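Hi,

Here is the structure I said I would pass on. Have a look at it first, and then read my notes below.

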Amino acid sequence: MSRFRTGYPAAALAALICLAGAACSAPGSSSSSAGSGSAAGGGTPSGPIKIAVVDAQSGSASDLGQFEYRGVKLAVDQANAAGGVDGRKITLSLFDDQGDPTVGTELARKIASQGDIAMLGTAESAVTLAMAPILASEHIPNITSGQSTKLLDLNSPYLFLNGPTGLTYDSTLAKYLVQAKGDKKIAMLTNSDSYGAGEHDAFLASLKAMGITPVADKVVPQDQTNMTPALNAIRGANPQVLFIGAEEAQSGLTVKQARALGLNAVIAEGAPAGTPLYLSTAGTANAEGTIVSSPYLGNDVSDASKKFAAAYTEAYGSAPELHGAKAYDGAQVMISALKACHACTGLALANAIRAVHYDGLLGSFSYNKRGVGIFATSIGIIRNGKIEPVS
């Protein structure tokens, strides 16, 4: 078995030293899904197993945070109903990171102070990047929905992804566009945050590997709402395809404005384009024909996804999507590890997560030493507001 790498970049090590004695007060709200309590200090552990869930519950990413929390809670409720872990119930503490890395940093300190043995979330790579060094210094395993390859550069034995990296999303998409569809004139519009930068680099590298140079390559600030200047420049290049690398709301807004300007290129994107927020922001007509690269193309693609969607809808009165499915899989991986190691903690729990082999909604999880467990996505096309898998 390969040994885990425990070294960190110098900046990250400095951050760990500085934060070791920091105060534990934090912004963001917290709520528990059941009673409080922790394992006994000695002897056989008893009492509830405390796990933190960190996701945006307010702000522009709150839709994703709510999908994620519901996915986690469904998995935990099912596990508790089946007896929990060695007869112990799992309790969840929900924290609102507001989609803000600074808030996430404070929450990481708070989680470490209140006895949570693990964390599920966040949906935002930038927030996870801010939290990861603190969680590692406190030996708290984290299964995140972030997908930036920068997460892997941390080399943390405590950090795991519940889905593929952005490189997998984008290489699959680029190969489909160029090799399957024969598209050569491809434009790019990405934003400047951690997610957008990762998407830009991954997609561009995939195009270059096939000998394709984008006809336009525009980067906008992460909070920009007026895309007209960038879109006008892209329109002048007359692309067949417009690749977008931005979060859901900004992606949908970009598509809406592109269509208003008469830019009729096919839209291509990774995970964000497969969400209700993208669809509602862009408008169903504007989103028609969007090509999506995702490990979860909808609630009707398999017996497992149908069963999950039925349980989710019964519990919450609305249907799930990618982020709910990712979070559900991540929670199932965590629960499997806890059962295998009898609710161990710290590095032992991290090792147990890495040893999990789980057939989930997104595929078959088998973690490598860098914390990646899923290595494939599929291609779908949005038709009449729904994703249809491409055979």
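One term before the notes: a crossing of two helices is called right-handed if the near helix is turned clockwise from the far one by less than a right angle, and left-handed if anticlockwise. Please also keep in mind that this is a predicted model.

That term applies straight away to α13 and α14, whose crossing is right-handed. The axes of α13 and α14 (residues 346–354) come within 8 Å and cross at roughly 115°. On the α13 side the contact is made by Val333, Met334, Ala337 and Leu338, which meet Leu349, Ala352 and Ile353 in α14. Sorted by class, that contact has 7 nonpolar residues, with no polar and no charged ones.

α13 (322–340) has another helix against it as well. The axes of α2 and α13 come within 7 Å, crossing at roughly 35°, and this crossing is also right-handed. From α2 the contact takes in Leu64, Phe67, Glu68, Gly71, Val72, Leu74, Ala75, Val76, Gln78 and Ala79, and from α13 it takes in His323, Gly324, Ala327, Tyr328, Ala331, Gln332 and Ile335. The classes here are mixed: 11 nonpolar, 5 polar and 1 charged.

Between α13 and α14 there is a loop, and His342 sits in it. The phi of His342 is near 60°, a positive value in a residue that is not glycine. That is worth a look because most residues other than glycine have a negative phi. While you are in that stretch of the chain, find Cys341 and Cys344: they form a disulfide, with their sulfur atoms 2.1 Å apart. The angle about the S-S bond is -90°, and the link of Cys341 and Cys344 is left-handed. The disulfide count for the model comes to 1.

Another backbone detail is at Gly121 and Thr122. The peptide bond from Gly121 to Thr122 is cis, with omega near 5°. I mention this because most peptide bonds are trans. Thr122 belongs to the loop between β4 (118–120) and α4.

Now the empty spaces, starting with the enclosed ones. Searching the whole structure gives 2 cavities of 30 Å³ or more. The second largest cavity has a volume of about 40 Å³. Which residues line the second largest cavity? They are Val53, Asp55, Glu68, Val72, Leu120, Gly121, Ile143, Ser145, Asn162, Ala327, Gly330 and Ala331. Some of these names have come up already: Glu68, Val72, Ala327 and Ala331 are also among the residues where α2 and α13 meet, and Gly121 is the residue before the cis bond. β2 (49–55), α2 (62–81) and α13 each supply at least two residues of this lining, and α13 gives the largest share, 3 residues. By class, the lining has 6 nonpolar, 4 polar and 2 charged residues.

Then the open spaces. The largest pocket holds about 640 Å³ of space. It is lined by 31 residues, of which Ser60, Ala61, Glu124, Asp193 and Glu247 are the closest to its centre. Two or more lining residues come from each of α4 (125–137), α9 (248–260), α10 (276–282) and α13. The largest share of the lining, 4 residues, comes from α9. This lining divides into 12 nonpolar, 13 polar and 6 charged residues.

The second largest pocket has about 480 Å³ of space. Of the 22 residues that line it, Gly298, Asn299, Gly385, Lys386 and Ile387 lie nearest its centre. The elements giving two or more residues to its lining are α10 and β15 (386–389). By class, the second largest pocket is lined by 14 nonpolar, 5 polar and 3 charged residues.

If you want a place to start, try α13. α13 meets both α2 and α14, and α13 also contributes to the linings of the second largest cavity and the largest pocket.

Cheers

Note on methods. Residues numbered from 1 in each chain as written. Predicted model: local features only at pLDDT ≥ 70, side-chain atom pairs only at ≥ 80, totals over all residues. Heavy atoms only, no water. 1 Å grid on protein atoms, 1.4 Å probe; cavity = no way out; pocket = protein on both sides within 12 Å on 5 of 7 lines; lining within 4 Å. Points joined across faces, edges and corners; volume = space filled by probe spheres on them. Nonpolar A, V, L, I, M, F, W, Y, C, P; charged D, E, K, R; others polar. Axes fitted to C-alpha atoms, helices over the stretch in contact; angles between N-to-C directions. Contact = heavy atoms within 4.5 Å. Disulfide = S-S within 2.5 Å.
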